[in-house]
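Welcome! Here are some exercises to work through with the structure on your screen. Try each task before you read its solution.

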Amino acid sequence: MVNQIPVVIITALLATVVVLTGCDPFNTRFEDLEKPQFYEARDYVEPPAVGEDLLILNWNIKFAGGRIDFWFDCWGDRVLMEREEVLENLEALAEKIRLVDADVLMVQEIDIDSKRGAYIDQVQWILDNTDYNYAVYASQWRADFIPSDGLGRMDMGNAIFSKHPLSDGRRLALPQSEEQDSLERYFYLNRNILAARLEVPGAEDVEILTFHVDAYSHDGTKKIHIDMVKDEFDRLHEEGVFFVGGGDLNTLPPGSEEQHVFEDAVCELEEFMADDYRQEEDWLQEFYDDYEPAIPLVDYQADNEPYFSHSVHDSVFWNRKLDYIFTNGQFVEGSGLTHQDESSGGVETMALSDHAPLSVRLILEGP
Amino acid sequence: MKRLRMVLVLACASLFFTIGSAVAQETNYDEYRSFVSSTAMTMEHGQFEVGIFAPLRYGLTDKLELSSHPLWFLVAPNLRAKYAFYRAGAVQLSWNSGLTYPTPLLRLLSMEGAGGVHPPDRAVPHIISLFNELVVTGVVEGHLVTGALGLQVAPRFGESQMVSIDVPVVYARTAAFFTVATAVARVEVQGPIVGPIGYRSGLKGFIYPGADGRFTIEGTGQLRWQSSPRWLVQAGYLASYGEYPFGGDFRILPTLDVLWAW
């Protein structure tokens, strides 16, 4: 009995240590429903008086990576950026953001605490270098350390910026792809829908949603994510909530002429191949049927090219549309614009990200 | 930083007082030859000791001990020597010198995919990591009270595009690879509790001027069960607070080892 005392003590000590460190030692896990992080700008900027509509801008900013050839695009081998590179890219993004001067900005792929982004909190940086006063942020890829490809610490996600107050933020988890083994999944992306209520002075509140669905999965996860975004739209609509949702749906609109064999798609590894959309022809049809898109489907189908918003490499001009904004209210007719270049938005955007910004004017009158 | 300085000053003062009182005492050093790797005590001539994670140690003479981590040796050749150069009463002073060549390990870890702790597109130079430490241990009523001051420098040869590995425990020990030097100070106590059960507890501080992170302080606590003169099992925790390139971070990690002496 006496001989067992040390074993008991050591076991108790280890159990204490395990409890103290928790079962999530790299801090990668999320609950199904969580509160996002709320931000405020260093200096408050008095917003302009609200008129009859709000300008909404959506942009996947590629974590201020500009057109650096990263390893996952299969065009290069870069993993990390220098601080100067990140700041230079952020300044270029902010210049475009200031020029558009939207009331609400929805962003995908923004880093707040990542080694690859020199640990710059890009949400706070954009707040402090534009006219936005408030932001909410929800991680979609978070780990204290990722022991793969030299990535190290990671915190990337979706964000909503606004000149007016945001409240009631929600991070709705989207399920993970199950293609990888459990260890890889532990460190992999946890995508989400980020939602917050925009308090518009003198007008009805607007629920803002942003999302970034799976790009690479071949096990049906992307479709599940798209359906969950649609389900959230439907739930809000049924509850009579006035909403606008924008993001990167990683698939093409119905009626797209080119659906595979894009000349900038060079990945041979199956896990990074995301360029064959032939099985996804009607995945977004219900969005167009039930809600108002920033770019009407009839306009897109008449001529796809002016609405393309993504290309993998900057040697190839925008060659597919992956980015969308929908509402259950109404947009100002003809106000949807894909900011492809100087002629459509005033700035060359090819160099700023692998996605082009998309803007539209939302009429402040609920459904 | 002020609090850290205060803790270090108090720890040094109490260590000075404790060890100073041990100078006047007589002691039988042979009682303190096993499982004392972090103290100023050296192993008996011809004696070996190894742990699952602890280094392989060998008493070359009664005053000179050599050690190396066998698990790491193939990918990070390393050797450390501890020389006991002064004794007065129950106090012993030793000099610890170590040399590690971590380049093969770092290049191995610079890989694509899982296991890539360092980016594969960044060149890792040849690094010679040198560590020197003055260690003083006093025997106070059967307990070993140790204090040490050390310096790690790591000259680099060839093209270097290395980036830091921003993980607790690892960052402090690799910071010298990016900066001029890392200064290390530590205090430690080990001794018996009751019967075969003993303890080991310590505090260790790292300062690396010029790095993006500033300092790390580690506290350890272990219970030790020495089932025979040859075997020892120890388990406990390592608590670490450090300032890294991303900011401050506190961790508690479990520790476990089995040591064998012959």
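**Exercise 1. Find where A:Glu179 sits in chain A, and decide whether A:Glu179 is buried, partly exposed or exposed.**

Solution. Start with the location: A:Glu179 belongs to the loop that runs between β7 (166–173) and α4 (182–186) of chain A. Keep in mind that you are looking at a predicted model. Next, take the relative accessible area of A:Glu179, which is 38%. Buried means under 20% and exposed means over 50%. The value of 38% lies in between, so A:Glu179 is partly exposed.

Now look for neighbours. Leaving out residues up to four places away in sequence, A:Glu179 touches A:Tyr216, A:Ser217, A:His218 and A:Asp219. For a distance, try A:Met228: A:Glu179 and A:Met228 are 49 residues apart in sequence, and their C-alpha atoms are 19 Å apart in space.

**Exercise 2. Do the same for B:Gly191: which strand holds B:Gly191, and is B:Gly191 buried or exposed?**

Solution. First, the strand: B:Gly191 is part of β10 (residues 181–194) of chain B. Second, the accessibility: the relative value for B:Gly191 is 17%. That is under the 20% cut-off, so B:Gly191 counts as buried.

Third, the contacts: not counting residues up to four places away in sequence, B:Gly191 touches B:Gly142, B:His143, B:Gly198 and B:Tyr199. Finally, the C-alpha atoms of B:Gly191 and B:Ile128 lie 35 Å apart, with their positions 63 residues apart in sequence.

**Exercise 3. Look up the backbone angle phi of A:Lys62 and of B:Val169, and say where each residue is found.**

Solution. Begin with A:Lys62, which is not a glycine and yet has a positive phi of about 50°. The loop between β3 (53–60) and α2 (83–100) of chain A contains A:Lys62. With 1% relative accessibility, A:Lys62 counts as buried.

Move on to B:Val169: its phi is positive too, at about 75°, although B:Val169 is not a glycine. In chain B, this residue is found in the loop between β9 (156–157) and α4 (170–174).

**Exercise 4. Describe the nonpolar cores: how many residues are in the largest one, and which of them touch the most other members?**

Solution. The largest nonpolar core has 52 residues, and A:Ile56, A:Val206, A:Phe233 and A:Ile325 touch the most other members. Strand β8 (residues 192–198) of chain A gives this core its largest share, five residues. Another core lies apart from it, with 51 residues, including A:Val100, A:Trp125, A:Met156 and A:Ala215.

**Exercise 5. Judge how compact chain A is, then put the figures for both chains in a table.**

Solution. Count the elements first: chain A has seven helices and 15 strands. Its radius of gyration is 21 Å, close to the 21 Å that the globule rule gives for 367 residues, so chain A is as compact as a globular protein of that length. Along its principal axes, the C-alpha trace spans about 85 × 50 × 45 Å.

| Property | Chain A | Chain B |
|---|---|---|
| Helices and strands | seven and 15 | four and 14 |
| Buried residues | 59% of 367 | 47% of 262 |
| Contacts joining residues at least 24 apart, among those at least 6 apart in sequence | 76% | 53% |
| Accessible surface | about 15200 Å² | about 12500 Å² |
| Share of that surface from carbon and sulfur atoms | 50% | 67% |

Technical notes
Residues are numbered from 1 along each chain as its sequence is written. Chains are lettered from A and ligands numbered from 1 in the order in which they are written. This is a predicted model: local features need pLDDT of at least 70, side-chain atom pairs count only at pLDDT 80 or more; totals for chains, interfaces and linings use all residues. Side-chain values use heavy atoms; hydrogens and water are left out. A nonpolar core is a set of buried Ala, Val, Leu, Ile, Met, Phe, Trp, Tyr and Cys residues joined through side-chain atoms within 4.5 Å. Buried means under 20% relative accessible area, exposed over 50%, partly exposed in between (1.4 Å probe, protein chains only). Helices (H or I, at least four residues) and strands (E, at least two) are DSSP runs, numbered from the N terminus. The radius of gyration is taken over C-alpha atoms; the globule rule is 2.2 Å times the number of residues to the power 0.38. Contact means heavy atoms within 4.5 Å. Accessible areas come from the Shrake-Rupley method with a 1.4 Å probe; for residues, only the protein chains shown count as cover.
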